[in-house]
Amino acid sequence: MVMEDESPRSPEARLGMEVEELWDVQEAQLTPTEKLNACFESIPVSEFPHASPSQVIEIRSDASLGEAVRLLSQNKILSAPVVDVDAPEDASWIDRYLGMVEFAGIVVWILHQSEKNDGSDASDAFSCAIEDSMGPAVAAAAHGMSSPRYRTSRPESPRTAGNFFELLTSSDFYKNTKVKDISGSFRWAPFLALQTSNSFLTMLLLLSKYRMKSIPVVDLGDQKIDNIITQSAVIHMLEECADLQWFKSLGSKKLCELGLPLMKANQVIKVDEDEPVLQAFKLLREKGVGGLPVVSGGNKPVANISIRDIQFLLMAPEIYKDYRSITAKNFVTSVKRYLENNQKASPLVSGMITCRKEDTLEDAITRLDSEEIHRIYVVDEDGNLEGVITLRDIISRIVHEPRGYFGDFFDGVLPLPANSRV
């Protein structure tokens, strides 16, 4: 008789089984969160499933901006660590890496340079080329987006295209500027790495309470990055563990029982569907948030716009030609049409999902994981907005930070930009 294979279906599920074994031996009087804290503290972060090799790449500090963008685009990743080519071979990891560079960060920095008129031939030529090709739409999209708060809000986009991209990639300014050349005036995301021996609990707290979206894991043996863990990867792991007892203890609870949504309706930054889409991007930048709902009838969410969607102001002709007048509603419609015509997929098309506060945590995690997006809007029975739940909020319901847990941990973080939040 052939026995059915009962092995876990994925590396995430196997990790979940390890948590299950630890869960079973925890003291009965502990709360589910206290039990999970103890379980995750016992598991080193080295056991978290590895990202694919194409997602764990390094960009040399002497690479041009063009090379950096090509690497990010080819590997379909949003950011990558920058390794200092001038660091000695025996340098520690803290001296080996300059930080994390993001695709959209590069674009925003270049757009900011195009606004300057400092008399340099490269800057003037690039500014004129952008103006001739795109008109003031680019300047409007980039206006004010060089503040420290914006830099650390981590706008994400794996690629750009169209006339803007063609102009950009053909300019000497773009070809000759090195990644290291922009580090003095543009600070990337905080570079906070974990060692492979750090605990799973530490990683979860950094992704939730301390607002990191991705965390490099460094192997001290060779002083190099061994893995990169994202919020989305953690949510996927939770979804893969949905049938395990430790997850059910929380996953079966209603969102309202867990105090979700943390951000209520009157706190949600939103834009009316008839407002200019530029107002949406302005709010994202000013409020330091990654996305907001487009509402109809005053309070009914009908779409989602994220900071990464600024790319469509640059690459879709039907959008950038009418950038001054296009409304948030028409922006979303035009993006869908553009993607359909170009046979491209984007989270924006299905990027607005809703739930009820009576839904379970498992329901929300399943939706977020299947749609591969970062926020879900909570609505009442009439479809009115009641709040928003992010990946960070969900992780924060799984674990809590014990008093004095981090100690001097953050002393190893590279200098952060002013007003940034780790």
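Two strands count as paired if DSSP finds at least two bridges between them. Strands (E, at least two residues) and helices (H or I, at least four residues) are DSSP runs, numbered from the N terminus. The model on screen is predicted: local features need pLDDT of at least 70, side-chain atom pairs count only at pLDDT 80 or more, and totals for chains, interfaces and linings use all residues. Residues are numbered from 1 along each chain as its sequence is written, and side-chain values use heavy atoms, with hydrogens and water left out.

**Stop 1: the β4-β5-β6 sheet**

Select β5 (214-219) and β6 (224-230). These two strands pair in the antiparallel sense over 6 bridges. Within the pair, Val218 stands opposite Ile225 in β6. Now add β4 (194-195). β4 pairs with β5 in the parallel sense, over 2 bridges, and Leu194 has Val217 of β5 as its bridge partner. Together the 3 strands make an open sheet with mixed pairing, in the order β4-β5-β6. β4 and β6 are the edge strands, each with a single partner, so one side of each is left without a neighbour in the sheet.

Colour β5 by accessibility. 5 of its 6 residues are buried, where buried means under 20% relative accessible area, exposed means over 50%, and partly exposed lies in between (1.4 Å probe, protein chains only).

**Stop 2: helix α11**

Select α11 (200-207). How many of its residues are buried? 8 of the 8 are, so the helix is largely enclosed by the rest of the structure. They include Phe200, Met203 and Leu207.

Next, show the largest nonpolar core, which has 52 residues. A nonpolar core is a set of buried Ala, Val, Leu, Ile, Met, Phe, Trp, Tyr and Cys residues joined through side-chain atoms within 4.5 Å. The residues with the most contacts inside this core are Phe40, Phe200, Met203, Trp246 and Leu361. Its largest share, 7 residues, comes from α11.

Centre the view on Phe200. Leaving aside neighbours within four places in sequence, Phe200 is in contact (heavy atoms within 4.5 Å) with Leu15, Phe40, Ile43, Pro44, Val45, Phe48 and Met237. Apart from the 52-residue core lies another, of 20 residues, among them Val294, Ile305, Phe331 and Leu339.

**Stop 3: aromatic pairs**

Turn on the rings of Phe, Tyr and Trp (for Trp, the six-membered ring). Two rings pair if their centres lie within 6.5 Å; planes under 30 degrees apart count as stacked, over 60 as edge-to-face and the rest as tilted. The whole structure holds 7 aromatic pairs.

Start with Tyr210 and Phe406: the ring centres are 5.1 Å apart and the planes are at 75°, so the pair is edge-to-face. Tyr210 sits in the loop between α11 and β5, and Phe406 in the segment after α19 (391-398), so the pair ties together parts that are 196 residues apart in sequence. Phe406 also pairs edge-to-face with Tyr405, at 5.1 Å centre to centre and 90° between the planes. Phe406 is buried, with a relative accessible area of 8%, whereas Tyr405 counts as partly exposed at 22%.

For a group of rings, select Phe40, Phe48, Phe200, Trp246 and Phe247, which ring pairs link into a cluster.

**Stop 4: Ile395 in α19**

Select Ile395, in helix α19. Ile395 is buried, with a relative accessible area of 1%. Which residues touch Ile395, beyond its neighbours within four places in sequence? They are Leu204, Leu207, Ser208, Val234 and Ile235. Of these, Val234 is 161 residues away from Ile395 in sequence and 8.2 Å away in space, C-alpha to C-alpha.

**Stop 5: the β7-β13-β12-β11 sheet**

Select the second open sheet, 4 strands in the order β7-β13-β12-β11 with mixed pairing. β7 (263-264) and β11 (354-355) are at the edges, each with a single partner strand, so one side of each has no neighbour in the sheet. β11 runs parallel to β12 (residues 375-379), joined by 2 bridges. Cys355 has Val378 of β12 as its bridge partner.

**Stop 6: two polar sites**

Select Asn299, in the loop between β9 (291-296) and β10 (300-306). Its side chain makes a polar contact of 2.8 Å with that of Lys270. A polar contact is a pair of N or O atoms within 3.5 Å; within protein, one must be able to donate a hydrogen and the other to accept it, and residues adjacent in sequence count only if both atoms are side-chain atoms. Not counting residues up to four places away in sequence, Asn299 also touches Gly383, Asn384 and Leu385.

Finish at Lys35, whose charged end sits over the ring of Trp23, 4.8 Å from its centre. The criterion is NZ of Lys or CZ of Arg within 6 Å of the ring centre and within 35 degrees of the ring normal.
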